[in-house]
Amino acid sequence: MSARQTFHIRADIQAALEAGQPVVALESTLITHGLPHPLNIETALDMEAAVRAGGALPATIAVLAGDITVGLTREQIQTLAGLPAGAVRKCSRRDLPIVTALRQHGATTVAGTMIIAALAGIKLFATGGIGGVHRGNPHDVSADLTEFGRTAVAVVSSGAKSILDLPLTLEALETQGVPVLGYGTDVLPAFYARRSDLPIDQRVDSPQQAAAIIAAGQQLGVANGMLIVAPVPAAAALDAAAAEGAILQATNEALAQGIAGKDITPFVLRRVSELTAGQSMSANIALLRNNARIAGQIAVALSQI
């Protein structure tokens, strides 16, 4: 079976891309691995609504029974969300050939979504937090960071998940040649909290400024992506010290229990939510919606250049 036979773009999204209209890609791991049911469905649909509120067309991406699908329908989102644990592979770059060849279900990570978005011709992608360098293990580096260095898609997020080593993550992005733009901020957001003490490359204060930098990168032919970081909305943000305390406790518990590799992040995120009485999950959902809206606005500005 050819790659084309396993690649499906929803008709309205294909028409929008051909007409030069704004489209924003959305990932699917939040549906299968990030949030509990039915909150996963509600949040995925809310993100799509936020992209539309920003003026663009949302394209949620996943692999359904081996078919790369750009633009899930509401029914497909509900089906994906309802599949049992373990029935959906978390798809980064290394996983895409496996799920397509073996006709498996796959939820795309940041890296996986960037790859498919680029193949579809979508230049902008909204998510919550990107992967990064793990705390206490500088050799455990997310494939997301490498993908930024070789796939020309701009990603709107609230930085890297704050359970990671943020200084080392920024250094890894610098090594990959990835510009980090602060949307209304001079410093890197700390995911649950609005600020860290880490400076970024450039502040932008409007969709037009962000779009101009993305367009300049395209005109120069640079092969890397860009990271646009937006702080969590103030009403939902956690106190930085409280968030850090919960993260440290959850990370230490993971180490004590021998949890490692790909199991660390979901364990720590779940434990932080418990330790903060659900405030971290509320912050996560708020920033997901906000990032989707901002990405929609930037996509509109980019389409006008």
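**Note on the predicted model**

1. Thr-127 counts as buried, since its relative accessibility is 0%, and the cut-off for that class is under 20% relative accessible area. The residue sits in the loop that runs between β7 (124-126) and β8 (133-134). Leaving aside residues up to four places away in sequence, Thr-127 touches Glu-27, Val-110, Val-155, Val-156, Ser-157, Leu-288 and Asn-291. As with everything below, this describes a predicted model.

2. As for the chain as a whole, its secondary structure comes to 12 helices and 13 strands. The radius of gyration is 18 Å, close to the 19 Å that the globule rule gives for 305 residues, so the chain is as compact as a globular protein of that length. Taken along the principal axes, the box filled by the C-alpha atoms is roughly 50 × 40 × 35 Å. Buried residues make up 55% of the 305 residues, and, among contacts with a separation of 6 or more, 73% are accounted for by residues 24 or more positions apart.

3. The largest nonpolar core has 105 residues, and those with the most contacts inside it are Val-24, Ile-130, Phe-148, Leu-173, Leu-227, Ile-228 and Ile-298. Helix α12 (residues 279-303) gives the most to this core, contributing 12 residues. In soluble globular proteins, nonpolar side chains tend to be buried together. For Ile-298, the residues touched, not counting those up to four places away in sequence, are Leu-124, Val-156, Tyr-183, Pro-207, Ala-210, Ala-211, Ile-214 and Ile-228. Val-156 is thus a neighbour of Ile-298 and also of Thr-127.

4. On internal space, the count comes to 1 cavity of 30 Å³ or more, and the volume of the largest cavity is about 100 Å³. Its lining consists of Lys-123, Ala-152, Val-153, Ala-154, Ile-214, Gly-217, Gln-218, Val-222, Asn-224, Gly-225 and Met-226. Helix α9 (residues 207-220) supplies the largest share of that lining, with 3 residues. By class, the lining has 6 nonpolar, 4 polar and 1 charged residues. Ile-214 belongs to this lining and is also touched by Ile-298.

5. The backbone deserves a look at the peptide bond from His-37 to Pro-38, which is cis, with omega near 5 degrees. Pro-38 is placed in the loop between α2 (29-34) and α3 (39-53).

6. Two residues other than glycine have positive phi values, and both could be inspected against the model. Ala-65, with phi near 50 degrees, lies in the loop between β3 (57-64) and β4 (67-70), and at 35% relative accessibility it counts as partly exposed. Phe-191, with a phi of about 60 degrees, lies in the loop between β11 (180-183) and β12 (202-204), but Phe-191 is buried, its relative accessible area being 1%.

7. Towards the N terminus, Ala-11 is placed in helix α1 (residues 11-18) and is exposed, because its relative accessible area of 63% lies over the 50% cut-off. The C-alpha atoms of Ala-11 and Gly-71 are separated by 8.8 Å, although these residues are 60 residues apart along the chain.

Note on methods: Residues numbered from 1 in each chain as written. Predicted model: local features only at pLDDT ≥ 70, side-chain atom pairs only at ≥ 80, totals over all residues. Heavy atoms only, no water. Core = buried A, V, L, I, M, F, W, Y, C linked by side-chain atoms within 4.5 Å. Buried < 20%, exposed > 50% of the residue type's maximum accessible area, 1.4 Å probe, protein only. Helix = DSSP H or I, 4+ residues; strand = E, 2+ residues; numbered from the N terminus. Contact = heavy atoms within 4.5 Å. 1 Å grid on protein atoms, 1.4 Å probe; cavity = no way out; pocket = protein on both sides within 12 Å on 5 of 7 lines; lining within 4 Å. Points joined across faces, edges and corners; volume = space filled by probe spheres on them. Nonpolar A, V, L, I, M, F, W, Y, C, P; charged D, E, K, R; others polar. Rg over C-alpha atoms; globule rule 2.2 N^0.38 Å.
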